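Student: I would like a close look at a single part of this structure, followed by an account of how that part sits in the whole. Could you take me through it carefully?

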Amino acid sequence: MLAAAEATREVAAEAGLDRRLVELVNLRVSQINGCAYCLHVHTRAAIREGETTQRLGVLPAWRDTEVFSDRERAALGLAEATTAPADAALQEAAYGVAREVFDEAEISAVVWVAIAINAFNRVSILSKHPVRPAAVR
């Protein structure tokens, strides 16, 4: 899994995806799947990449805000469609929006990021990876 994650990071970087956008995808998928461990890991990563608490707080309701760019909205839509692959209408709508702002390499990279975090979510949930309180500084 770690090798697959590294390969996915490389594909995303080669496609020109910003790390903050990748972390938003990781977080949104982890929210949908309810993976506490991945939410913990990727919230910290997003903050390290400069993500704001406002955007992190409204991420579950991203469609109802004005704080995400067109590219971020397209990536979040693709992430949700990848997480719910049985919903053909959701997929078609998400791909339609994505094609307006991403090239094929970028679309592929977003989808692979979503596939990778979906896999990690399942491993972490089934393995019961713990999230412990952070040390007080």
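Tutor: In H7 the buried residues are Glu106, Ile107, Ala109, Val110, Val111, Val113, Ala114, Ala116, Ile117, Asn118, Asn121 and Ser124, and in this predicted model they pack against helix H1 (2-15), helix H2 (19-33), helix H3 (36-48), helix H5 (70-83) and helix H6 (88-101). The helix has 24 residues, which should span 34 Å at 1.5 Å a residue, and the C-alpha atoms at its ends are indeed 34 Å apart, so expectation and model agree.

One of the partners of H7, helix H2, can be read in the same manner. Its 15 residues reach 21 Å from the first C-alpha to the last, close to the 21 Å expected at 1.5 Å a residue. Within H2, Leu21, Val22, Glu23, Leu24, Val25, Asn26, Leu27, Arg28, Val29 and Ser30 are buried, a list that includes Glu23 and Arg28 alongside Leu and Val residues. These buried residues of H2 pack against H1, H3, helix H4 (53-58), H5 and H7, and H7 in turn has H2 among the helices that its own buried residues pack against.

Beyond H7 (104-127), the segment that follows the helix contains Arg132. Because its relative accessibility is 62%, and exposed means over 50%, Arg132 counts as exposed. Arg132 lies 95 residues from Tyr37 in sequence, yet their C-alpha atoms are 9.4 Å apart in space.

Turning to the whole protein, the secondary structure comes to seven helices and zero strands, following the pattern α-α-α-α-α-α-α along the sequence. The radius of gyration is 14 Å, close to the 14 Å that the globule rule gives for 137 residues, so the protein is as compact as a globular protein of that length. Along the principal axes, the C-alpha atoms fill a box of roughly 45 × 30 × 30 Å. Of the contacts with a separation of 6 or more, 67% are accounted for by residues 24 or more positions apart, while buried residues make up 39% of the 137 residues.

As for the surface, the accessible area of the protein comes to about 7,800 Å², and carbon and sulfur atoms hold 57% of that area. The protein carries 15 positive and 18 negative charges, and the mean positions of these two groups are 11 Å apart.

Note on methods. Residues numbered from 1 in each chain as written. Predicted model: local features only at pLDDT ≥ 70, side-chain atom pairs only at ≥ 80, totals over all residues. Heavy atoms only, no water. Helix = DSSP H or I, 4+ residues; strand = E, 2+ residues; numbered from the N terminus. Rg over C-alpha atoms; globule rule 2.2 N^0.38 Å. Buried < 20%, exposed > 50% of the residue type's maximum accessible area, 1.4 Å probe, protein only. Contact = heavy atoms within 4.5 Å. Areas by Shrake-Rupley, 256 points an atom, 1.4 Å probe, with all protein chains shown as cover. Lys, Arg positive; Asp, Glu negative; His and termini not counted. Charge placed at Lys NZ, Arg CZ, Asp CG, Glu CD. Expected span 1.5 Å × (residues − 1).
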